Amino acid sequence: MTDRLKHLQPISFRAQLAALFLFMAFLLGGMILGFFKYQQDQLLHTSMQRQAEVVARLAVQDVARMVYLDDPDVASDIAERLRGIPEILEAGFFGPDGQQLLRLPPTYLPARRLDPDRRTHHSGWGAIGSGPPGLLQPALNVAQQKAQNLFFLMVGGSLVLGLLFGLFLDRSFIARLAELSQAIRHAASQEDYSQRLDVHRMDEIGTARAQFNKLLERVEQQTETLRYQALHDPLTGLYNRHRMLLELDKLLRRRPAQGYHAVCYLDLDRFKVVNDTCGHSAGDELLQQLSNELLGYVSRHPAYRLGRLGDDEFLVLARDKPAQDIARFLANIKRLVENLHFRYLEREFPIGISIGCILIKDEPTTAIEVIGAADGACYRAKRLQHGGAITLRLGDQQVQDHKQNMDWVSRIYTALENNSFRLHLQPIVAPRETAPYRHFEVLLRLQTDTGLIGPDHFIPVAERFGLSPRLDLWVIEAVVTQLYENPAFLDRLELLAVNLSGLTVTDPHNRHAIDTLLKAFPIPPEKLCFEITETAVISEMEQAVQFIDFFRRRGIRFALDDFGSGMASFGYLQHLEVDILKIDGSFIRPLRQDPILEEMTRAMVRIGHITGKRIVAEQVEDGETAALLQAMEVDYLQGYHFARPAPFEQFIGQKQAGSPSSSVG
């Protein structure tokens, strides 16, 4: 029943007011009619009563004389008098005992033609007796008829005037109000703010209509502003990510007729240098200048669309173009960017761009998937080719590799939520050390249903997509928890090395998070060592130096991992205050077969010792190499020749180990 009532259309105010007006008119007319009828009846009754009394007073003495004197002439006199009253048709007189004393039949009185509409009224008087003489009053009937006619005329006139007044009221008030109500409903339901109402009179309704027009105008302007902001980038005025995804969805629904659709991911090179050198205002100005240049060029090619995804990343969509035209277009884009000589505060910055382009023919795909593939191609162009453009098809192996990387991103998130990572330790031994293992490096593994997965599968993906800080924080929390809960292992531990990514080291927020963890688990800080790589911190040297200084003052030691691989390692030693140098395994594995590598290793060991640092050689896999490194006076050795990585818990339960130097000699 409730649902049925919801579908009923409400009665309009206009109809309600009309019904109310008609009801009041009929009610008023009925009241007037009843009042007039009551007044006529009272008037007629009073008139008849008075006439009867007059007639009685005139005839009573004669009737008494006729009765008491028994004079028949009196009856003749009475009859003559009654004949003089034309309204009397017949008369009868009765005594107190009901005996008829005198009756004057119609045949006795003068003949009169009766009007069938006339009414006969009876009244009595009681001087001698009482009796109802029959009186017909045509004058009263005529007066009554005139009064009724006048009444109906007045009621009809009132209804006509009321109808005319209702029409006037409807036209001047209700219709305008109804139009305003309809306009409000239309604006609310259809979201059409372009309508306007005519304002002829500035009365209350006219003022309301005028204000309604102003309100719609303001809402229309604000709606257009919001619609523009929802689809455009506020800084550059280009299409934003949301609008580009809508455009790409439309593009993917159409199969190219003769060429390809293309999704091109653009990433500026050296944009961070501008931001770090001159601040974000300079970066914003660069993005605005570049966007104007790009938009000016792209707008001359109707088959292309340009938008900004965020930061220094842009997206270009091409519709149904040959591959050669797309390549030529991208080459012009690259040349335009490189020719942009950006100057800020009398300084000039060279700007480059990396482009990843995905050509689409009829492959089934989605907007998110193809943008991800273009992003992967752009990443390859930036990291592997140091700029330029890479154009791929969705079926190419590089695209499939990127798709697998994206799958790994999801797996990393899931593993963090489900606590599926495991800690392994690999011993780092001193050549002449005879005690149990006391120096370890922490390595990360992923536990799956099919076994353990090494870090080579997921660490590069985590670094590529910014997940490495989350992994590092998970590792640090797991490490300090194990050490805090196992004081016996902590007592015999000399140093535990934990690898940190460049994103962790260069972000001040991570510095605060790590410090909070160390305060929550009070372990001796000198037993922890953070390993960083020179390639990870080269782009953010200042932040890296601050990170190292912050934790060194708290007692934590640092190691420079993969030392020598960056070909500029010696220059960084004067900037990075580290305690340990770990020579990269690419020098150690072929050490015995390459005299040049042997001499370079000797130089690194010698310079490390001169600067007061301890030396660790990685990836030592045989005894001859271990002996050679021992002869170079390397402080620590690490590799499969001594021990493979094993679960953290295995070393916690280890009571005694064989001499790690037995294989070194």
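## A walk through the predicted model

Let us begin with an open sheet of five strands, whose order is E6-E7-E5-E10-E11 and whose pairing is mixed. E6 and strand E11 (388–393) stand at the edges with a single partner strand each, so one side of each has no neighbour in the sheet. From one strand to the next, the twist averages 20 degrees. Please keep in mind that this is a predicted model.

**The whole protein**

For orientation, the protein has 23 helices and 21 strands. Of its 665 residues, 43% are buried. How far apart in sequence are the residues that touch? Among contacts between residues at least 6 apart in sequence, 68% join residues at least 24 apart.

**Back to the sheet**

Strands of a sheet pair through backbone hydrogen bonds, and they can do so in parallel or antiparallel fashion. At one edge, E6 and strand E7 (residues 313–321) run antiparallel and are joined by six bridges. In this pair, Gly-307 stands opposite Leu-315 in E7. The two strands form a hairpin with two residues between them, and Asp-311 in the turn has a positive phi of about 50 degrees.

Is E6, an edge strand, enclosed or open to the outside? Six of the seven residues of E6 (residues 304–310) are buried, so the rest of the structure largely encloses this strand.

At the other edge, strand E10 (residues 352–360) and E11 run parallel, again with six bridges joining them. Here Ser-354 stands opposite Gly-388 in E11.

**Helix H6 and its surroundings**

Two packed helices are described by the angle between their axes and the distance between the axes. For helix H6 (residues 241–252) and helix H10 (residues 367–383), the axes come within 9 Å and cross at roughly 105 degrees. An angle of 65 to 115 degrees counts as roughly perpendicular, which makes H6 roughly perpendicular to H10.

Which residues meet where H6 and H10 touch? From H6 come Leu-245, Leu-248, Asp-249 and Leu-252, and from H10 come Ala-367, Ile-368, Val-370 and Ile-371. Sorted by class, this contact has seven nonpolar residues, no polar residues and one charged residue.

H6 also holds Glu-247. With a relative accessibility of 12%, Glu-247 counts as buried. Leaving aside residues up to four places away in sequence, Glu-247 touches Arg-305 and Leu-317.

**Salt bridges**

Side chains of opposite charge can pair when their charged atoms come close. A search of the whole structure finds 26 salt bridges. Three of them are set out here.

| Pair | N to O distance | Burial |
|---|---|---|
| Glu-220 and Arg-196 | 3.0 Å | both partly exposed |
| Asp-269 and Lys-382 | 2.4 Å | both buried |
| Lys-582 and Glu-531 | 2.8 Å | both buried |

Take the pair Glu-220 and Arg-196, which form a salt bridge. This pair links distant parts of the chain, with Glu-220 in helix H5 (residues 204–231) and Arg-196 in the loop between helix H4 (138–190) and H5, 24 residues apart. Glu-220 has a relative accessible area of 27%, and Arg-196 has one of 36%.

Next comes the salt bridge between Asp-269 and Lys-382. Asp-269 lies in strand E5 (residues 260–269) and Lys-382 in helix H10, so this pair ties together parts that are 113 residues apart in sequence. E5 is one of the strands of the five-stranded sheet, and H10 is the helix that crosses H6.

In the third case, Lys-582 and Glu-531 meet through their side chains. Because Lys-582 lies in strand E18 (residues 580–583) and Glu-531 in strand E16 (residues 528–533), the pair ties together parts that are 51 residues apart in sequence. The relative accessible area is 1% for Lys-582 and 2% for Glu-531. These two residues also belong to a network of salt bridges that links Glu-441, Glu-531, Lys-582 and Glu-618.

**A contact across the chain**

Our last stop is Ile-652, which is found in helix H23 (residues 648–652). Is Ile-652 buried or exposed? Its relative accessibility is 17%, and the cut-off for buried is under 20%, so Ile-652 counts as buried. The C-alpha atoms of Ile-652 and Phe-489 are separated by 5.7 Å, although the two residues are 163 residues apart along the chain. Not counting residues up to four places away in sequence, Ile-652 touches Gln-482, Asn-486, Phe-489 and Arg-492.

Notes: Residues are numbered from 1 along each chain as its sequence is written. This is a predicted model: local features need pLDDT of at least 70, side-chain atom pairs count only at pLDDT 80 or more; totals for chains, interfaces and linings use all residues. Side-chain values use heavy atoms; hydrogens and water are left out. Axes are lines fitted to C-alpha atoms, for helices over the stretch in contact, and angles run from 0 to 180 degrees between N-to-C directions. Helices (H or I, at least four residues) and strands (E, at least two) are DSSP runs, numbered from the N terminus. Angles under 35 degrees count as roughly parallel, over 145 as roughly antiparallel, 65 to 115 as roughly perpendicular and the rest as oblique. Contact means heavy atoms within 4.5 Å. Ala, Val, Leu, Ile, Met, Phe, Trp, Tyr, Cys and Pro count as nonpolar, Asp, Glu, Lys and Arg as charged, and the others, Gly among them, as polar. Buried means under 20% relative accessible area, exposed over 50%, partly exposed in between (1.4 Å probe, protein chains only). Two strands pair if DSSP finds at least two bridges between them. A salt bridge is a side-chain nitrogen of Lys or Arg within 4 Å of a carboxyl oxygen of Asp or Glu.
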